[in-house]
Structures are given as structure tokens and as C-alpha cells.
There are 2 protein chains.
Amino acid sequence: MRPMSLPVGLPALADSDLVGQIARILMQAIVQGRLPPGSKVVEAGVARELGVSRAPVREAARLLEKQGLLVASPRRGFFVRKLEIRNIDEIYDLRLCIERHAGVLAARNLTPQSREVLRRQIDVLHKTADLDDPARQVEEDYRFHRLIFEIADNRRLLRLFDDLAAELRMVIGLIGRLYDDPHEIARTHEPLLAAIEAGHPERITAHVDYHIGHAWREVGKLVRELTPPGGNSIASPSGILIPTNGVTV
Amino acid sequence: MRPMSLPVGLPALADSDLVGQIARILMQAIVQGRLPPGSKVVEAGVARELGVSRAPVREAARLLEKQGLLVASPRRGFFVRKLEIRNIDEIYDLRLCIERHAGVLAARNLTPQSREVLRRQIDVLHKTADLDDPARQVEEDYRFHRLIFEIADNRRLLRLFDDLAAELRMVIGLIGRLYDDPHEIARTHEPLLAAIEAGHPERITAHVDYHIGHAWREVGKLVRELTPPGGNSIASPSGILIPTNGVTV
DNA sequence: CAAGATTAAAGTGTCGACAATCGACGATTA
DNA sequence: TAATCGTCGATTGTCGACACTTTAATCTTG
């Protein structure tokens with residue numbers, strides 16, 4: 001028998017993907033608030049609770065670290081990232097930056113097909129708005145924006161968006177409620193799509209600025225409400241390696 | 001009197017950072033071409049050769065994966081990332097995107113002090129140009145751009161730049177020669193700084209576009225020269241795996 | 001002789017264990 | 001009393017081992 005060529009509609013091999021499962025479980029626990037920001041994630045504890053060894057737990061933690069949900073402190077362990085206002089601002093600032101870029105690229109690559117896909121996703125947004133399911137609404141919102149990145153056709157950029165989205169999902173999850181009226185959210189996507197269809201870079205960036213900036217302000221407001229004044233975070237190390245054993249600066 | 005703990009000139013505790021050391025060693029091997037793109041990195045082999053166990057090697061590999069030098073394929077191991085033209089283009093495209101943004105932010109935050117730091121780094125670039133030390137030249141070049149990101153004062157953005165720089169360093173290392181005249185490189189930084197000092201977003205982005213775009217084209221040209229026509233990649237970098245001909249040298 | 005089946009080797013995923021290290025608590029001292 | 005130093009428990013860093021999967025080599029068989 002042939003090795004059976006690639007199953008294209010990937011059925012999610014999640015059966016034997018232990019670290020993936022653990023990562024998902026941890027992520028759930030974080031966004032559901034069972035692991036509050038700043039709390040320590042003890043490898044052995046998680047391992048015992050899940051009936052596995054520490055190795056996969058460790059790898060899962062590293063995965064979540066890459067996504068920004070955890071921060072690692074050498075010899076101290078993993079901690080759930082605290083959401084400072086500063087982090088929120090930095091994330092949204094970066095998102096603004098890449099979303100502008102993606103918008104312009106998407107406009108350049110836009111085909112009738114991809115245009116139709118975007119339009120349909122806006123319909124989905126409108127439909128979802130009636131469901132009173134905030135999590136679903138947020139998810140569909142991200143899906144729209146992700147489509148723009150897919151059309152932009154830069155995998156590196158798409159990966160970055162996914163990372164940012166994971167962090168923002170944590171933020172949203174912790175806030176616990178939607179940051180705006182769902183119908184309003186759905187509506188604000190339309191001028192953005194229109195700008196992309198028109199293909200004028202300035203209009204695109206302007207609309208992205210408006211759209212993302214709005215979410216930024218709303219989320220910032222809510223986070224500021226929820227954050228106790230003495231909130232302090234654990235610094236992310238950002239230890240990046242430089243080849244020629246040069247100093248990191 | 002305050003306790004005054006921290007000794008100011010702290011000498012980097014990195015002594016017992018085993019995974020960091022291993023990561024550096026592997027990175028060296030990669031950029032020096034001893035581990036050619038596409039080759040397999042066998043955990044046990046590296047571990048035996050370095051006299052350590054597989055665990056820290058694994059972690060080091062994950063670190064390098066995060067930086068994009070390795071790609072992981074479940075149950076198959078780590079491979080040195082192949083540099084396709086497409087990857088180069090995507091990386092430079094993203095770099096262009098964030099470097100514009102950082103430039104504008106830096107201009108907004110610019111102080112006489114930070115301005116002076118940038119100016120001094122350009123001097124360093126000129127001095128280094130005489131040394132005939134390509135690696136050093138590249139390093140000082142990155143340092144200049146990194147300074148811009150530091151001044152921009154968005155840690156998330158800075159981290160992203162470091163990641164991209166690590167990938168680009170690999171590219172440069174593999175190309176083996178500098179992509180341009182060192183003096184020319186030093187000179188082209190001056191109008192960029194001038195634009196930042198002037199603080200006009202349009203001028204900044206224009207100069208960034210010119211500056212980065214130049215490097216982009218040069219690197220692209222060299223990579224295209226060096227790449228055999230049948231170059232194929234092993235996996236897309238985001239954890240989603242696309243099995244292809246797993247050439248292991 | 002080539003294509004498929006079979007077997008052997010190599011290598012990753014996971015495990016449990018041990019030593020080194022960190023943080024907290026309490027004893028000691030000025 | 002307050003600060004410093006040691007001690008102890010908890011937790012990470014690292015190790016070697018084993019099972020299962022993948023890859024390579026060998027053997028059938030038409």
C-alpha cells in the first residue's frame with residue numbers, strides 16, 4: 001500500500017499530540033481565569049493532575065510562552081503573564097502596524113473570489129451578532145481579520161497575527177465581556193472592506209486605524225477598569241541569541 | 001541608606017545556562033554552514049557530541065525554532081530551515097513593515113540623548129567599514145536599527161525585530177559575503193537618521209523603504225544566485241507541517 | 001529487474017529519578 | 001527591633017531508559 005498521500009482536509013491529528021492537548025488545556029484554564037495572571041504554573045503539579053510526566057508539560061508551557069500567555073523565569077518556572085496596560089498598548093500598536101500592511105497587501109492581491117470570501121465573513125459577523133455568544137463573536141471577528149492576512153499572502157505575517165490574536169484572546173477572555181456592541185462590530189468591518197476593494201493605500205490605513213484603534217481604546221478602557229492600581233508584571237526576558245557570540249546589548 | 005543591592009556592572013550570569021550555550025553552539029554551526037539548510041539535527045547526536053543529555057538539546061532546538069533557524073516536524077525531528085526566496089521576501093516584507101513603524105515612533109520619542117546615540121552609531125558604522133570584517137559590519141548595522149526600535153519603546157516590536165534579525169543573520173551567514181559595499185552601507189544610514197530627526201512620517205517611511213528595500217533586493221539577488229533551481233522547503237514555519245521530500249544530507 | 005512486503009536500525013516522545021537551586025521561615029546577632 | 005545568615009521544603013534543570021514511530025535496508029515475488 002502507498003503511504004496514502006496527504007489528507008488535505010486535515011482531521012487534526014490531536015490524538016497523539018500530547019503537548020498540544022496540554023497546551024490547549026492550560027490555555028483554557030488561563031482564559032477562563034482559573035489560572036489568574038501572575039500565578040505560577042508548576043510543572044509537576046500540572047503533570048500529576050493530568051496524569052503525564054513533566055516533559056510534555058514543559059514543552060506545552062514553552063509553546064504558550066511563545067504565544068505570550070506564559071513568561072518563563074529561569075530556575076523559577078512559568079508564570080501566567082500579567083496584563084499590564086503597557087502590554088496591551090504594545091500589542092495593539094503592533095497589531096495596528098501589521099494590519100495596515102496586510103490590508104494594503106490584500107488589496108493588491110484581491111480577486112473576485114477572495115473579495116467574496118471577505119464579504120461572506122461579514123455576513124457571518126452579522127448573523128453571529130444575534131446569537132449572544134461573545135466568544136463566538138470574537139472568534140468570527142478574528143477570522144475576518146485573519147482572512148485579510150491570508151489574502152495578503154505572507155506566511156510570516158500571518159503567523160505573527162496568529163500569535164497576537166492568541167494574546168488578545170487571553171485579554172478578552174480575562175476581561176470576561178465583549179468590549180462593544182456586536183452589531184456595531186459587524187458594521188464597522190464594512191467600510192474597511194470597501195477601502196480594500198477600492199485599493200487606495202491611504203484609505204485602507206485610515207480605516208484600519210479607525211477600526212483597530214477603536215478596539216484598542218475599548219479594551220484599554222476595560223483593562224484599566226479591572227486592573228488594581230498596584231498591578232505589576234513579571235518582565236518578559238526576551239533573551240535573543242546572537243550568533244557570533246556577540247553581546248546582546 | 002538604601003540597601004543598594006545590584007552590583008552595577010553585572011557580568012551576565014550566563015554561566016550555567018546550558019540550553020543557551022547549546023543554542024549558541026548550534027547557531028554557530030548553522031550560520032557557518034556546518035549544518036547546511038535542510039539537514040537534520042539529531043537530538044541524541046548533538047547530546048552525545050556535547051556530553052549532555054537530550055533534554056537541554058531539545059530545549060535549545062525549540063529556542064532556535066522560535067527564532068526560525070530550525071523547523072520542527074513531529075516525530076521526525078528538527079531540520080535546519082531552508083532559505084527559499086519566498087521566505088526571504090516574506091521576512092524582508094515584514095521587516096519593512098515594522099521598521100517603518102519603528103521609525104515613526106522613534107521620531108516621536110526622539111530626545112537629544114537618543115539622537116546622539118544614533119549619530120554615534122553611524123560613526124561606528126563608518127569606522128567599522130574600514131576593518132574588513134563583514135560579520136562585525138553586519139552586527140553594527142543591526143545595532144543601529146535595533147537602537148531605533150529601542151527608542152520606539154515598544155518591547156513587543158523590539159522582540160520581533162530581534163527574531164527577524166536572527167533569521168536574517170542566518171541568511172547573511174549562509175550567503176557568506178556582504179551584500180554591499182560597507183562604506184555605502186554606512187552612508188545610507190544618514191538620510192534615514194535625518195528623516196527621523198525631521199520627524200515627518202512620510203519622509204521616514206520613504207527612507208526606510210529605500211534603505212530596507214535596497215538590502216532586500218541585494219540579498220534576494222545573492223540568494224537567487226546561490227539557490228539551485230530545485231530548492232524546496234521542508235516545512236512552513238508556524239508549526240503546521242507540510243511533509244515534502246525530506247532530504248537529510 | 002522492478003515494485004511491494006519485511007525486517008532492522010535509528011530517533012523521537014515520554015517517563016521517573018536525582019541533584020542543584022530558589023524562596024520562605026525562623027534563629028542569630030548587633 | 002531590624003537586618004543578616006543558615007536551614008529546609010518545594011521546584012526546576014538535567015539525566016538515563018524504554019516504547020513506539022519513522023526511515024533505511026533487505027528480502028520476496030510477479
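The paragraphs below go through the contact between two chains and then a small part of the fold of one of them. The model is a predicted one, and every value given here is computed from it.

Where chain B and chain A meet, 45 residues of chain B and 38 residues of chain A take part in the contact. Between them the two chains bury about 4100 Å², of which 51% lies on carbon and sulfur atoms. On the side of chain B that touches chain A, helix H1 (18–31), helix H3 (54–66), helix H4 (85–109), helix H6 (134–152) and helix H7 (155–175) of chain B each contribute at least two residues.

Charge is well represented in this contact, since the side of chain B that touches chain A holds 23 charged residues, together with 14 nonpolar and 8 polar ones. The count of salt bridges between chain B and chain A is 12. One salt bridge joins Asp153(A) to Arg86(B), with 3.2 Å between the closest N and O atoms. Across the same interface, 18 residue pairs are in polar contact, both residues having pLDDT 80 or more.

Turning to chain A by itself, 3 strands make up an open sheet, with antiparallel pairing and the order E1-E3-E2. Strand E1 (40–41) and strand E2 (70–73) of chain A are the edge strands, each of them pairing on one side only. E1(A) is joined by 2 bridges to strand E3 (residues 77–80) of chain A, and these two strands run antiparallel. Within this part of the sheet, Lys40(A) stands opposite Phe79(A), a residue of E3(A).

Terms used:
Residues numbered from 1 in each chain as written. Chains lettered and ligands numbered in written order. Predicted model: local features only at pLDDT ≥ 70, side-chain atom pairs only at ≥ 80, totals over all residues. Heavy atoms only, no water. Contact = heavy atoms within 4.5 Å. Buried area = accessible area lost by both parts, 1.4 Å probe. Salt bridge = Lys/Arg side-chain N within 4 Å of Asp/Glu carboxyl O. Polar contact = N/O pair within 3.5 Å; in protein donor to acceptor, adjacent residues only side chain to side chain. Helix = DSSP H or I, 4+ residues; strand = E, 2+ residues; numbered from the N terminus. Nonpolar A, V, L, I, M, F, W, Y, C, P; charged D, E, K, R; others polar. Pairing = 2+ DSSP bridges.
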